[in-house]
Amino acid sequence: MKLKNIILSFTLGAALTSCGFLDVEPQVICSDTFYNTQEEALYGLAGVYGVMSNEAFYGNYYSLMCSNVDDLCYFNRSTTSNYTNMYKHDASATEIYAAWTEMYKGIRNANAFMEAIPATEFDKDGKLYNEARFLRAYYHFLLAQAWGDVPMRKEAVTTHDEVMCAASPQFEVLSWAVSEMEECIELAGEDISQSPSRINSYIVHGVLSRAYLFMAGESVQGGDKKAFYGKAMDHAEAV
């Protein structure tokens, strides 16, 4: 009992003496105070791009675990905890849940950036906004392609009441996504020298070709299939 009291006294003493850091004035990043510099604006845009590099997205789960499920792929493992490639998965599977979540994080970051950057002086030509707009549409396309009917997020979520929303039909999501991408071509430019790589008109055309080709397939209900094939060809030729 005496040892217990000593330990308790020591713990309480340590807690009391460690409260000093709580006196520091917190630095809160708010939409009405961000962005204050060109560097901060680029950091914000990097947050829209950045989700793609995570393991849950192109790092592994979406690009490998969820995509490599046909006979062209072979997993050289004696055992595996990933059941996606064996068609024994559901919505609770880690790679499925994480990929879904990461794409919506990208959409969230895009919406927040697009609402904040016009109020600054660091994107007078609108190119940063344009990149975020394209990526937001691209993430919606990937979600609709993989899951069908999905929630559309065109605005930043600011209250708890806005967190839950109903799914929109797949064709509606795809139609909106390609229309957004079409609007992004003019401002995208043709610069391919940027490092790390950024959105340019060739990327926009290439993704649009891919999106229209998917919309022309039988898994998508709605639209003029022949017209979609034509648009896919036009954008492919533009590249």
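These are my notebook entries on a predicted model of one protein chain.

**Entry 1: the whole chain**

I began with the secondary structure, and I counted nine helices and zero strands. Read along the sequence, the pattern is therefore written with the helix sign alone, α-α-α-α-α-α-α-α-α. The chain has 239 residues, and 37% of them count as buried. I looked up the accessible surface next, which comes to about 14,900 Å². Carbon and sulfur atoms hold 56% of that surface. I then took the contacts between residues at least 6 apart in sequence, and 61% of these join residues at least 24 apart.

**Entry 2: the nonpolar core**

Which residues touch the most other members of the largest nonpolar core? I found F134, Y138, F141 and M181, in a core of 53 residues. I noted the helices that each supply at least two residues of this core: α2 (38–50), α5 (94–116), α6 (127–147), α7 (170–188), α8 (201–215) and α9 (225–238). The largest share, eleven residues, comes from α6.

I picked Y138 for a second look. With neighbours within four places in sequence left aside, Y138 is in contact with M52, Y58, M181, V207 and R210. One of these partners, M181, is also among the core members that touch the most others.

**Entry 3: helix α7**

I checked the length of α7. This helix has 19 residues and spans 26 Å from its first C-alpha to its last. The expected value at 1.5 Å a residue is 27 Å, and the span is close to that. I listed the buried residues of α7 as Q170, V173, L174, W176, A177, V178, E180, M181, C184, I185 and A188. What do these buried residues pack against? They pack against α6, α8 and α9. G189 follows α7, and its phi is positive, near 75°.

**Entry 4: two cysteines and the disulfide count**

I looked for disulfides and the count came to zero. I then looked up two cysteines. Is C184 buried or exposed? C184 counts as buried because its relative accessible area is 0%, under the 20% cut-off. C165 has a relative accessible area of 34%, so I wrote it down as partly exposed.

**Entry 5: R153**

R153 sits in the loop between α6 and α7. I wanted to know why this arginine is classed as buried. Its relative accessibility is 16%, and buried means under 20%, so R153 falls in that class. I listed its contacts, leaving aside neighbours within four places in sequence: Y104, I107, N111, R136, H140, E162, V163, M164 and C165. The last of these, C165, is the partly exposed cysteine of Entry 4.

**Entry 6: D123**

D123 is in another loop, the one between α5 and α6. With a relative accessibility of 12%, D123 counts as buried. Beyond residues up to four places away in sequence, D123 touches I117, L128 and Y129. What lies 3.1 Å from a polar atom of the D123 side chain? I found the backbone nitrogen of K127 there. I also looked up the C-alpha separation between D123 and L42, which is 10.0 Å. These two residues are 81 residues apart along the chain.

Terms used: Residues numbered from 1 in each chain as written. Predicted model: local features only at pLDDT ≥ 70, side-chain atom pairs only at ≥ 80, totals over all residues. Heavy atoms only, no water. Core = buried A, V, L, I, M, F, W, Y, C linked by side-chain atoms within 4.5 Å. Buried < 20%, exposed > 50% of the residue type's maximum accessible area, 1.4 Å probe, protein only. Helix = DSSP H or I, 4+ residues; strand = E, 2+ residues; numbered from the N terminus. Contact = heavy atoms within 4.5 Å. Disulfide = S-S within 2.5 Å. Polar contact = N/O pair within 3.5 Å; in protein donor to acceptor, adjacent residues only side chain to side chain. Areas by Shrake-Rupley, 256 points an atom, 1.4 Å probe, with all protein chains shown as cover. Expected span 1.5 Å × (residues − 1).
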